[in-house]
Amino acid sequence: MRKDKKTIWIDMDNSPHVPFFRPIIGELEARGYEVMLTARDCFQVCKLADLYKMDYRKVGVHYGKNKIMKGIGLLLRSAQLASYVLKRSPDLALSHGSRSQMILSSVLHIPTVMMTDYEYAKSIPFFRPDWLIIPEMIPDSSVCDRPGKILRYSGLKEDVYVPGFQPEQGVLDQLRLDPTKVIVIVRPPATEAHYFKEESLRLFEEAMSWLGTVEQVSVILLPRNSGQADFVTSKWPQLLQSGKVKIPDQVIPGLNLIWYSDLVISGGGTMNREAAALGVPVYSIFRGEIGSIDRHLSDTGRLTMIGSAEELRTKVELKKRKRSQAYQPPNRPALKQIVDILHVILNQV
């Protein structure tokens, strides 16, 4: 039976996908498309989706950094998604790197759009999306896909949702932080990711030990999972007990935390780029292969790369930043460009 509306299946398997797809879903629905949403129960994916009251189906979990378990988990989640997807019969599959969706869509012959903003993310052998949407800063030569099906948008992935950000005061009071101190957000590296390097973890530990000695600094630590929170709690118990380091006990939108901080030190990617998009000073301790986006941000002075413990102390400026009284949303075309691309694709399937 022919459906009145075309249906797009979006799968979110990592926390940054929630704020990223939220405005895209709104625009697609405004253009008359139906969206079915699935989410992996890991990191803060479901907590963020609940915070934003998104209508989704929870499917699968994360299986840790063991490569064998990762492979098993990938196939298992593809199988778990199958029954729900078969009932809905989507016209198009869309994700920002969901390998489970890639496998299942190939098996079920669902046309697939994959998005990515890091060219060194590993792809799955023998599985390729029908379309690949990437930021314009990533050159064709660095993405292993069929030419002709690569489509581009301007700016950063974070430019999709940062323009819609509205600051909400009170977050520092909520965390019982003194606003006269230098507020530093620290994000540990993704220790379970295939691109993780031990050097990033050493720099994270150096940063925590150094910041713990600076009197005028308060740290908001944002661990990726309970294991990282336990590690910090056991390694620097005095910093947590004294209140110098705070770990939020509930989900708080990352953009709001960044906006009310003075600087960010992060071993990840999305939080660095969110800070850059908001104009907040950001220092990267990521030591994997540096992608085109981060190189561009570094070359244009919007992000500072940290390569050693010495550089932490010499490059990071621990000072209050001048925050504008009223947030001025930037005018970025990324959201419209992406939805326009999807609209064209949906007319082809």
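User: When do two strands of this predicted model count as paired, and in what order do the strands of the open sheet stand?

Analyst: Two strands pair if DSSP finds at least two bridges between them. The model is predicted. In its open sheet, seven strands are joined by parallel pairing. The order of these strands is 3-2-1-4-5-6-7.

User: Which strands stand at the edges of the sheet?

Analyst: A strand at the edge has a single partner strand, so one side of it is left without a neighbour in the sheet. Two strands are in this position, covering residues 57–61 and 150–153. They are strand 3 and strand 7.

User: Which residue of strand 5 stands opposite Leu94?

Analyst: Strand 4 (residues 92–95) and strand 5 (residues 112–115) run parallel and are joined by three bridges. Opposite Leu94, the residue in strand 5 is Val113.

User: What angle does the direction of helix 1 make with that of strand 1?

Analyst: Helix 1 (residues 17–30) packs on the sheet, where it touches strand 1 (7–12), strand 2 (34–41), strand 4 and strand 5. Its buried residues, including Phe20, Ile24 and Leu28, pack against these strands and also against helix 2 (45–51) and helix 13. The angle between the directions of helix 1 and strand 1 is about 170°.

User: How many residues does helix 13 give to the largest nonpolar core?

Analyst: The largest nonpolar core has 77 residues, and Ile10, Met12, Ile24, Leu28, Ile220 and Leu278 touch the most other members. Helix 13 (residues 334–346) gives the most to this core. Its contribution is eight residues.

User: Which residues is Leu28 in contact with, leaving aside its neighbours within four places in sequence?

Analyst: Leu28 is one of the buried residues of helix 1, and it is also among the core members that touch the most others. Leaving aside neighbours within four places in sequence, its contacts are Ile8, Ile10, Tyr33, Val35, Val339 and Leu342.

User: Is Phe43 buried or partly exposed?

Analyst: Phe43 is found in the loop between strand 2 and helix 2. Buried means under 20% relative accessible area, and exposed means over 50%. Because Phe43 has a relative accessible area of 29%, the residue is partly exposed.

User: How far apart in space are Phe43 and Ala190, C-alpha to C-alpha?

Analyst: Beyond its neighbours within four places in sequence, Phe43 is in contact with Asn14, Ser15, His62, Glu192 and Arg224. Phe43 and Ala190 are 147 residues apart in sequence. In space, their C-alpha to C-alpha separation is 11 Å.

Notes
Residues are numbered from 1 along each chain as its sequence is written. This is a predicted model: local features need pLDDT of at least 70, side-chain atom pairs count only at pLDDT 80 or more; totals for chains, interfaces and linings use all residues. Side-chain values use heavy atoms; hydrogens and water are left out. A nonpolar core is a set of buried Ala, Val, Leu, Ile, Met, Phe, Trp, Tyr and Cys residues joined through side-chain atoms within 4.5 Å. Buried means under 20% relative accessible area, exposed over 50%, partly exposed in between (1.4 Å probe, protein chains only). Helices (H or I, at least four residues) and strands (E, at least two) are DSSP runs, numbered from the N terminus. Contact means heavy atoms within 4.5 Å. Axes are lines fitted to C-alpha atoms, for helices over the stretch in contact, and angles run from 0 to 180 degrees between N-to-C directions.
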